[in-house]
Amino acid sequence: ATRVRFRVYDAAWGVSEPFDADITEAVLVGFGEPCDDMVFCRPEMVCSVGVCAPSAPIAAMCDGATEIAVAANPLTAVSASTTGTTGAGMGLIGVAGTCAADGNPGAGVGAEAAYKIDVAIPNFDLLLTTDLPGTAMMTDTMLYVRSNCADSGTVLDCNDDIGAMNLHSELELRDLTAGTYYAFVELYGGLAMGTAAHEIRVTVRPLIASGAACDMAGVENRCR
C-alpha cells in the first residue's frame, strides 16, 4: 500500500514527531446506500445516520423541481414544453468536463434549473431540447438528465452544443422504463449577474413491441 508521512504543527509552531499512514482508496456509494468512515457518499450527498441522503440544498432543489407534465401515450410520441431561467452565481451540481463541447472542467459551474418528468408507460425513448424560440440564439445551454435527482452517479447523458454553430442542447435517451427522471439546464460557465431565459421541450416516444406495426421513420414511435 502507498504510505504518507505527516507532521503536526500547533499554534506555537511546535512540531510533532513524524508518523506514517497507509493510503487506501475510498469507496463511493449512491443514494440510500450504507456509508461510514471508509465508504463515502457521492458528491452532493451526505452520510446521515449511516445512509447516503441529499444535502439540504440539493433536497430543496429536487423538491422544488418544475414538473413537465407529458401525457405519455403507448402508441404515439407526445411532447410538452416549458420556459425557465437560470440565475447568477455557483450552482449546486457539478457537471463533468466531458460534457462541455471544449472539455472545459469549469463549464458546468453555473446555477441550474431543475425539471421533473414522470413517465408511466413501460418502455420509451426520451428526447429533450433547448433549441426552441424561448432560448435566445447566443444562450449557451448545457442539458443533462439523471434518474435520481440527488445522486451524481445516475447521470444518463449530457449535452452542451448541438453543433459548432448551435449553442443550444439536445439529448436522445433510448430504452428507458417507467419512472421519474430529472432534467437540468444551466449556462456554460454560469452567469456573473442577472438571469437568462430558456425553453425546454420533452418528448416521450413509445417503444412498440416486436411484431406490432410501428413508424419506420421512428418519429411517432420506435420498433424495439
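**Exercise 1. State in which element Phe19 lies and how far Phe19 is exposed.**

Step 1. Phe19 sits in strand β2, which covers residues 19–23; strands (E, at least two residues) and helices (H or I, at least four) are DSSP runs, numbered from the N terminus. This is a predicted model, in which local features need pLDDT of at least 70 and side-chain atom pairs count only at pLDDT 80 or more, while totals for chains, interfaces and linings use all residues. Residues are numbered from 1 along each chain as its sequence is written, and side-chain values use heavy atoms, with hydrogens and water left out.

Step 2. With a relative accessible area of 41%, Phe19 is partly exposed, a class that lies between buried (under 20%) and exposed (over 50%), with a 1.4 Å probe and protein chains only.

Step 3. Together with Phe6 and Val8, Phe19 forms a nonpolar patch on the surface, and the accessible area of these residues together is about 270 Å². Such a patch is made of residues with over 30% relative accessible area and no salt bridge, nonpolar side chains (Val, Leu, Ile, Met, Phe, Trp, Tyr) being joined within 5 Å and like charges within 9 Å; the areas come from the Shrake-Rupley method with a 1.4 Å probe, and for residues only the protein chains shown count as cover.

**Exercise 2. Find the disulfides, and describe the links of Cys35 with Cys47 and of Cys62 with Cys149.**

Step 1. A search of the whole structure, in which a disulfide is a pair of cysteine sulfur atoms within 2.5 Å, finds five disulfides. When the bonded cysteines are counted along the chain, the pattern reads 1-3, 2-4, 5-7, 6-8, 9-10.

Step 2. The sulfur atoms of Cys35 and Cys47 are 2.0 Å apart, and this link is right-handed, with 95° about the S-S bond. Because Cys35 lies in the loop between β3 (27–29) and β4 (39–41) and Cys47 lies in strand β5 (residues 45–48), the pair ties together parts that are twelve residues apart in sequence. Cys35 is buried at a relative accessible area of 9%, whereas Cys47 is partly exposed at 43%.

Step 3. Cys62 is joined to Cys149 with an S to S distance of 2.0 Å, and this link is left-handed, with -90° about the S-S bond. Cys62 belongs to helix α1 (residues 56–63) and Cys149 to the loop between β10 (141–146) and β11 (155–159), so this pair ties together parts that are 87 residues apart in sequence. Cys62 counts as buried at 11% relative accessibility, and Cys149 counts as buried at 3%.

**Exercise 3. Locate the salt bridges of Arg3, Arg42 and Asp125.**

Step 1. Side chains of opposite charge can pair when their charged atoms come close. A salt bridge is taken as a side-chain nitrogen of Lys or Arg within 4 Å of a carboxyl oxygen of Asp or Glu, and the search of the whole structure finds ten salt bridges.

Step 2. Arg3 pairs with Asp20, the closest N and O atoms being 4.0 Å apart. Arg3 is in strand β1 (residues 2–6) and Asp20 in strand β2, so the parts tied together are 17 residues apart in sequence. Arg3 is partly exposed, at 49%, and Asp20 is partly exposed, at 35%.

Step 3. Arg42 pairs with Asp151, with 2.7 Å between the closest N and O atoms, and this pair links distant parts of the chain, 109 residues apart, from the loop between β4 and β5 to the loop between β10 and β11. Arg42 is partly exposed at 24%, whereas Asp151 is buried at 4%.

Step 4. Asp125 forms a salt bridge with Arg222, the closest N and O atoms being 2.6 Å apart. Both Asp125 and Arg222 are buried. Salt bridges that share partners join Asp125, Glu172, Arg174, Asp175, Arg205 and Arg222 into one network.

**Exercise 4. Describe the largest nonpolar core and the strands that build it.**

Step 1. A nonpolar core is a set of buried Ala, Val, Leu, Ile, Met, Phe, Trp, Tyr and Cys residues joined through side-chain atoms within 4.5 Å. The largest one has 22 residues, and those with the most contacts inside it are Ile68, Ile117, Phe124, Leu126, Leu128 and Ile200.

Step 2. Two or more residues are given to this core by each of β9, β10, β12 (170–187) and β13 (196–208), and the largest share, eight residues, comes from β9.
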